[in-house]
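Trainee: I am new to this structure. Please take a single part of it, go through that part closely, and then place it in the rest of the chain.

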Amino acid sequence: MSSSEMQRLQASQNELQAMSYSDPLTGLGSRYRMRDRVRILAAERASDPAPFTIGIANLDAFKPINDLFGATAGDEILCQVAHRLKACIPDGAVVTRHGGDEFAFVLPLVFERVGAEKFGQMIREVLSAPYDLGDRNVRLSASFGFAIYPFAGGEFEDLLKSAETALYRSKRRGRGQITVYSQEIVREMRRATQLEQALRNAIISDAIDVHFQPIVSLANNHVVGFEALARWQDPDLGFVSPAVFVPLAEDRGFIDALSDTLLRKATEAALSWPRELFLSVNLSSAQLMDPGTSSSILAILGRVGFDPHRLELEITETAVMTSADTAHRIIDDLKAAGVRISLDDFGTGQSSLGRLRDFLFDKVKIDRAFVSRINSDRASAHIIKAIVALCEGLDLTVVAEGIEDAAEAAKLRALGCTMGQGYFYGKPADAAATLRFLNETHASFADYATA
Ligand code: C2E
Ligand code: CA
Ligand code: CA
């Protein structure tokens, strides 16, 4: 090899090394640069074990932006992100890019959780300003995961893995979240995974049950229908509330299987009830975003042989708002088939009165929060009175939820509320107990059953 060839080889090797230490697109350091910086810091602190922090920032939903505006615009955004990060990190800190839309920091002077969170909030703010693409502006958010040396790992690889775990948790919780790694979050994530596995098994093995809670006419206390409520008793985890496992099933993408089973079980049970009783079933917000929902509900009704006119679906306002067009189409299709729609938990969340005028709903269920305060808090009584008056004008039936004693029932009746539900009238009970209850109490059912 001639000396000039040797020189060229050496030069290209240097170039290669320099390249692997820096990111060609943004000019930031690479993962190797970060690794070296962390190793040097750890060595420096070996004698003086002061903590330091590393962090990862990952842009939220960057892929759809890349797909929509094209790769050139995507690259431009990444460069602007890099520029902002470089401009705002503190002295002595390092910012690197680990490919794609992931950036990382080494923060020698951040020692504990609160400091890491403050840094995350500052960067989140900086990255939230619009990105100028010449002809348009784009807005982004970012999720963060931090790990503090040496608690979250003594070696670079372990420390980075902890930061990735923290980032993963942030991503799971939605956009723009900040997590600092700790034993606590590891335990929490283990519990969630354990719960998810148990729930998957419970759905497959058909272990989720449906209970029914009576809804009565407040005028004469007659049962007019039942709300179906999901119940899960796990052999290891014990009783798990639907308020926990329904959102989990939504989040992990198996709400369809769960909802289908619940609807099938509920309608099958309701087939043995007197025909005049309705069945009310909760629809999850994920179902209202899925265009296949109306056909799958109607298919189940068809298979079971349950009359759609006896079915009510309870939906919340937030669910309608998140994916308004799809939700409206689903509701229209179901209403056309004869299904009625209730607005659940009214009074909480947005409660836009305008939405009541959209002709989407047949019924409004006033949230338990108002009902339980009705005799102690004048404002709650006034609010219920106003809701009742409004619904009367719009031809909507009003159901009060969570009635627990006779005084509440009397007050609601006086305020003009037509239907009620709550422990005072009956706790949720399984299909067999519900049938026994109907046999004993429902007069017309006794006639019907002996006919
Ligand atoms: P929700 O639809 O507001 O259901 C009413 C909740 O209040 C039920 O809790 C019920 O057991 C409880 N409740 C009824 N009367 C009283 C009372 O007098 N006092 C008190 N303190 N509570 C009362 P549950 O069964 O734990 O359900 C919680 C939530 O989980 C439901 O709230 C609903 O949003 C959701 N959920 C339950 N079953 C299903 C289901 O099959 N599918 C879907 N998508 N969601 C469900
Ligand atoms: Ca409900
Ligand atoms: Ca409710």
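**The calcium pair and its surroundings**

Mentor: Along the chain, the donors of the calcium ion (ligand 3) follow the spacing D-D-x55-E. The model is predicted. The protein donors behind that pattern are Asp344 (OD), Asp345 (OD), Glu401 (OE) and Glu401 (OE), and they lie 2.1 to 2.6 Å from the calcium ion (ligand 3). Glu401 is thus listed twice, each time through OE.

A second ion belongs to the picture. The calcium ion (ligand 2) is coordinated at 2.1 to 2.4 Å by Glu227 (OE), Asn282 (OD1), Glu314 (OE) and Asp344 (OD). In sequence these donor residues are spaced E-x54-N-x31-E-x29-D. The pair Glu314 and Asp344 links distant parts of the chain: Glu314 sits in strand E12 (residues 311–315) and Asp344 in strand E13 (residues 340–346), 30 residues apart.

Asp344 appears in both donor lists. Asp344 bridges the calcium ion (ligand 3) and the calcium ion (ligand 2), and the two ions lie 3.8 Å apart.

Next, how open to the surface are these donors? Asp344 counts as buried because its relative accessibility is 8%, and the cut-off for buried is under 20%. Glu314 is buried too. Asp345, at 27% relative accessibility, counts as partly exposed. Asp345 also lies in strand E13.

The backbone at Asp345 deserves a look of its own. Its phi is near 55 degrees, a positive value in a residue other than glycine. Most residues other than glycine have a negative phi, and most peptide bonds are trans. Asp395 is another case, with a positive phi of about 65 degrees although it is not a glycine. Asp395 is found in the loop between helix H15 (378–393) and strand E15 (397–400), and it is exposed, with a relative accessible area of 72%. The peptide bond from Tyr149 to Pro150 is cis, with omega near 0 degrees. Pro150 is in the loop between strand E6 (142–149) and helix H6 (156–172).

Now the packing. The largest nonpolar core has 74 residues, of which Leu279 and Leu311 touch the most other members. Helix H9 gives the most to this core, with seven residues. In soluble globular proteins, nonpolar side chains tend to be buried together. Leu311 begins strand E12 (residues 311–315), the strand that holds Glu314. Beyond its neighbours within four places in sequence, Leu279 is in contact with residues including Phe212, Phe226, Trp273, Phe306 and Leu311. Ala266, Thr267 and Ala270 are also among the contacts of Leu279, and these three are among the buried residues of H9. Helix H9 (residues 255–270) has 16 residues and reaches 22 Å from its first C-alpha to its last, close to the 22 Å expected at 1.5 Å a residue. Apart from the largest core lies another, of 33 residues, among them Ile77, Val81, Ile89 and Ile123.

The domain assignment gives domain 1 (16–181) and domain 2 (193–449). The numbering of the calcium donors, from Glu227 to Asp344 for ligand 2 and from Asp344 to Glu401 for ligand 3, falls within the bounds of domain 2. The C-alpha centres of the two domains lie 45 Å apart.

For contrast, take one residue numbered within domain 1 (16–181). Asp101 is in the loop between strand E2 (94–97) and strand E3 (102–107). Asp101 counts as buried because its relative accessibility is 17%. Not counting residues up to four places away in sequence, Asp101 touches Ala57, Asn58, Leu59, Phe62 and Leu78.

Last, the chain as a whole. The protein chain has 18 helices and 17 strands. Its radius of gyration is 29 Å, well over the 22 Å that the globule rule gives for 451 residues, so the chain is more spread out than a compact globule. Along the principal axes, its C-alpha atoms fill a box of roughly 110 × 50 × 50 Å. Buried residues make up 47% of the 451 residues. Of the contacts between residues at least 6 apart in sequence, 68% join residues at least 24 apart.

How values were computed. Residues are numbered from 1 along each chain as its sequence is written. Chains are lettered from A and ligands numbered from 1 in the order in which they are written. This is a predicted model: local features need pLDDT of at least 70, side-chain atom pairs count only at pLDDT 80 or more; totals for chains, interfaces and linings use all residues. Side-chain values use heavy atoms; hydrogens and water are left out. Helices (H or I, at least four residues) and strands (E, at least two) are DSSP runs, numbered from the N terminus. The expected span of a helix is 1.5 Å times one less than its number of residues. Buried means under 20% relative accessible area, exposed over 50%, partly exposed in between (1.4 Å probe, protein chains only). Domain bounds come from an automatic or database domain assignment. Donors are N, O and S atoms within 2.8 Å of the metal (3.2 Å for Na, K and Ca); water is not among the atoms, so sites may look incomplete. A nonpolar core is a set of buried Ala, Val, Leu, Ile, Met, Phe, Trp, Tyr and Cys residues joined through side-chain atoms within 4.5 Å. Contact means heavy atoms within 4.5 Å. The radius of gyration is taken over C-alpha atoms; the globule rule is 2.2 Å times the number of residues to the power 0.38.
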